[in-house]
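Hi,

Here is the structure I said I would pass on. Have a look at it first, and my notes follow below.

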Amino acid sequence: MYVDSNYLPPVLASALARYRDGFDPALIELPETAVFPHLIPVQPATARKARTTGLLLGKPAPRFVKHGRTVRYRLKDVFDWLADGDAYSSTAEAAMSKEVLS
């Protein structure tokens, strides 16, 4: 599935606008299709599997909220999950950090 990087679903654009206006991100909930693949670059099917295994891309999956059968993600939890990732300046640096951890 191709995702246009210039396109934001209206619900996501609205949520980000509320966030920029100072609304608390812990109170902004997004549907799964707005988070995946637009904020976290994986397919929704991968996100569903991550909810059962607890792991997404090798680290704990982002927290989610269930309202009946509907799954939603709080914007704060998505931001926290994205911020928790390791940042590297090169692939060599990433490989060296994995060797140190092993």
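Aromatic pairs first: the count comes to 3 in this predicted model. In one of them, the rings of Phe36 and Tyr73 sit with their centres 5.3 Å apart and their planes at 80°, so that pair is edge-to-face. Phe36 belongs to the loop between H2 and H3 while Tyr73 is in strand E5, so the contact ties together parts that are 37 residues apart in sequence. Both Phe36 and Tyr73 are buried. Tyr73 also pairs with Phe64: here the centres are 6.3 Å apart and the planes at 55°, which makes the pair tilted because edge-to-face needs an angle over 60 degrees. Buried or exposed, what are these two rings? Tyr73 is buried, with a relative accessible area of 1%, whereas Phe64 is partly exposed at 35%. Taken together, Phe36, Phe64 and Tyr73 make up one aromatic cluster.

Tyr73 is worth clicking on for its other neighbours too. Leaving aside residues within four places in sequence, Tyr73 is in contact with a list that includes Ile28, Leu30, Val35, Ala47, Arg51, Pro62 and Val78. It also turns up in the largest nonpolar core, which has 18 residues. Within that core, Leu30, Val35, Phe36, Ile40, Leu56 and Tyr73 touch the most other members. Helix H1 (10-20), helix H2 (32-35), helix H3 (44-53), E5 and H4 each supply at least two residues of the core.

Now the sheet. It is open, with 3 strands in the order E1-E5-E4 and antiparallel pairing. Strand E1 (29-31) and strand E4 (65-67) are the edges, each pairing on one side only. On average, neighbouring strands are turned by 40° against each other, direction ignored. E4 and strand E5 (residues 70-74) are paired over 3 bridges in the antiparallel sense, and Val65 has Arg72 in E5 as its bridge partner. Helix H4 (residues 75-83) lies across E1 and E5, and runs at about 60° to E5.

On to charges: searching the whole structure gives 5 salt bridges. Three that I looked at:

- Arg72 and Glu29 form a salt bridge, with the closest N and O atoms 3.6 Å apart. Arg72 lies in strand E5 and Glu29 in strand E1, so this pair ties together parts that are 43 residues apart in sequence. Arg72 is partly exposed, at 22% relative accessible area.
- Glu32 and Arg48 meet through their side chains at 3.3 Å, N to O. With Glu32 in helix H2 and Arg48 in helix H3, the pair ties together parts that are 16 residues apart in sequence. Glu32 is buried at 12% relative accessible area, but Arg48 is partly exposed at 40%.
- Lys76 and Asp80 meet at 2.7 Å, N to O. The two are 4 residues apart in helix H4, separated by about one helical turn. Lys76 counts as partly exposed at 36% relative accessibility, and Asp80 is partly exposed with a relative accessible area of 40%.

Finally, salt bridges that share partners join Glu29, Arg72 and Arg74 into one network.

Cheers

Note on methods:
Residues numbered from 1 in each chain as written. Predicted model: local features only at pLDDT ≥ 70, side-chain atom pairs only at ≥ 80, totals over all residues. Heavy atoms only, no water. Pairing = 2+ DSSP bridges. Axes fitted to C-alpha atoms, helices over the stretch in contact; angles between N-to-C directions. Contact = heavy atoms within 4.5 Å. Core = buried A, V, L, I, M, F, W, Y, C linked by side-chain atoms within 4.5 Å. Buried < 20%, exposed > 50% of the residue type's maximum accessible area, 1.4 Å probe, protein only. Salt bridge = Lys/Arg side-chain N within 4 Å of Asp/Glu carboxyl O. Phe/Tyr/Trp six-rings, centres within 6.5 Å; stacked < 30°, edge-to-face > 60°.
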